[in-house]
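Reader: I would like to go through this model piece by piece, with short answers that end on the value or name I ask for.

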Amino acid sequence: MSTFQAPKGTYDLIPPDSATYLAVREAIAAPLKNSGYGYIETPGFENIELFSRGVGESTDIVSKEMYAFETKGGDKLALRPEGTASVLRAALEANLHKAGNLPVKLWYSGSYYRYERPQKGRYRHFSQVGAEAIGAEDPALDAELIILADQAYRSLGLRQFRILLNSLGDKECRPVYRDALQGFLRALDVDEDTRRRIEINPLRILDDKRDAVQKQLVGAPMLRDYLCDACKAYHEEVRELLTAAGVTYEDDEKLVRGLDYYTRTTFEFVHDGLGSQSAVGGGGRYDGLSEMIGGPALPSVGWALGVDRTVLALEAEGIELELPATTSVFAVPLGEEARRVLFALVTELRRAGVAADFSYGGKGLKGAMKSANRSGARYTLVAGERDLAEGVVQLKDMESGEQTPVALVDAVNAIRERLA
Ligand code: HAM
């Protein structure tokens, strides 16, 4: 071990486990790529105000968990705690919404940073794959996103997840509800922190995880009873479209989410094998965010799925993804001349698209065969002086153990044929 370790709340992705992470990212992205979403990449840090205005001053994410810093040039920046505000900022900056093709559908994949108390499933550096559909108010778009996330999880073989669904209302009906809820909450006997929260973010108290708080919430006014007709109709249509698509969900009137920009549809994917950090993904509609960050009215909806937690969910369900071996052919040279010849052959194989690797470091036969085994290669190529004198290399099938000489000049073709 060196003097250094990965910083608290972070971990390194290393082979072979890292292959699972890549596969999870790809599995989440696949249905998006197949549904009109274009890839977007934004910087790892942004002007801090984008998040304080976008995600909200009153959220834990902004008030407690942001990695904020000032540069030598005096810019106030923050490592991105989430992707939605950045993606919308980038779309506005590039005028994507003016190209006359709404919604603008984008997907992304990357690292996010939150200064949280680390525990299993909760890290200070984590990874999300996300999707945002910008500039359209259409329940089918909300439904599309939920259906695609469901499809992604199912394609990975996951089954023990649930979809929680709610509507948070809009700028007409939510303020009325907020007032009613505050009235109810102010009469409760709660701690200092919660009391403060009643004033700045009362809805958040609904999904307080503490039993004592939940007990006091019995009889609290529920948003469902305050939704305006337009929000009700919108939500009903999202629900019907999901049902028609065969996607099961649970209505969860206490689902609030930890970011301030949500309006109407909100949802979370929770996995029952993960303990307290059970949310593997979440999202919703954010019709007011564009205006909050200085843009035009652009009703939008999106989600982000956590890659780290999705991998934990796979483990919890005992699912091992079928990842093809990365190396098909492993070359083991015996002697200097063979080293040159086989190295050239490996180069040729690679150029022909065959995944090939080579025994480096002048290992003996035994050590080299161990490396060949570990590589997972289907075939091993062995050659010594006598083979080369005969113009052949030995091709060993690692499954059957059978070894056959093949002519060196024809080796690439012979191997490609066998692998096909
Ligand atoms: P979020 O619910 O804050 O939403 O994060 C989405 C997912 O990222 C979570 O469900 C979880 O799987 C993962 N995640 C969040 N924090 C951590 C952490 N500290 N450690 C490990 N995983 C974590 C958003 O970020 C919104 N931008 C989603 C969205 C997109 N809404 C609309 N569009």
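Reader: Is Arg-264 buried or exposed, and at what relative accessibility?

Author: The model is a predicted one. Arg-264 lies in strand 9. Buried means under 20% relative accessible area. Arg-264 therefore counts as buried, with a relative accessibility of 7%.

Reader: What is the approximate phi of Arg-264?

Author: Most residues other than glycine have a negative phi. Arg-264 is not a glycine, yet its phi is positive, at about 50°.

Reader: Which arginine in the loop between strand 8 and strand 9 has a positive phi?

Author: The loop runs between strand 8 (250–251) and strand 9 (263–271). A residue in this loop has a positive phi of about 75° although it is not a glycine. At 12% relative accessibility it counts as buried. The residue is Arg-257.

Reader: Where does the cis peptide bond that ends at Pro-103 start?

Author: Most peptide bonds are trans. Pro-103 is placed in the loop between helix 4 (84–93) and strand 5 (104–113). The bond leading to Pro-103 is cis, with omega near 0°, and it starts at Leu-102.

Reader: Which residue is joined to Pro-16 by a cis peptide bond?

Author: Pro-16 lies in the segment before helix 1 (17–33). The cis bond there has an omega of about 0°, and the partner of Pro-16 is Pro-15.

Reader: Which residues come nearest to the ligand?

Author: There are 27 residues around the ligand. By class, this shell has 11 nonpolar, nine polar and seven charged residues. The residues that come nearest are Glu-82, Glu-116, Tyr-123, Glu-132 and Tyr-262.

Reader: Which strand gives the largest share of the shell around the ligand?

Author: Strand 6 (125–134), strand 10 (279–285) and strand 11 (300–306) each supply at least two residues of the shell. The largest share is six residues, and it comes from strand 10.

Reader: Which residue has a side-chain N or O atom 3.0 Å from a nitrogen atom of the ligand?

Author: Two other contacts can be set aside here, as they use backbone atoms. A backbone N or O atom of Tyr-123 lies 2.8 Å from a nitrogen atom of the ligand, and a backbone N or O atom of Gly-306 lies 3.5 Å from an oxygen atom of the ligand. The side-chain contact at 3.0 Å belongs to Tyr-261.

Reader: How much of the area that the ligand exposes when taken alone does the protein bury?

Author: Taken alone, the ligand exposes 650 Å². Of that area, the protein buries 96%.

Reader: How far apart are the centres of domain 1 and domain 2?

Author: The domain assignment puts 17–173 + 227–316 in domain 1 and 329–419 in domain 2. Taken over C-alpha atoms, the centres of the two are separated by 48 Å.

Reader: What is the radius of gyration of the chain?

Author: The chain has 15 helices and 16 strands. For 420 residues the globule rule gives 22 Å, and the chain is well over that, so it is more spread out than a compact globule. Its C-alpha trace spans about 90 × 50 × 45 Å along the principal axes. The radius of gyration is 27 Å.

Reader: What share of the residues of the chain count as buried?

Author: A residue counts as buried under 20% relative accessible area. Among the 420 residues of the chain, the buried share is 49%.

Methods. Residues numbered from 1 in each chain as written. Predicted model: local features only at pLDDT ≥ 70, side-chain atom pairs only at ≥ 80, totals over all residues. Heavy atoms only, no water. Domains from an automatic or database assignment. Near = heavy atom within 4 Å. Polar contact = N/O pair within 3.5 Å; in protein donor to acceptor, adjacent residues only side chain to side chain. Areas by Shrake-Rupley, 256 points an atom, 1.4 Å probe, with all protein chains shown as cover. Helix = DSSP H or I, 4+ residues; strand = E, 2+ residues; numbered from the N terminus. Nonpolar A, V, L, I, M, F, W, Y, C, P; charged D, E, K, R; others polar. Buried < 20%, exposed > 50% of the residue type's maximum accessible area, 1.4 Å probe, protein only. Rg over C-alpha atoms; globule rule 2.2 N^0.38 Å.
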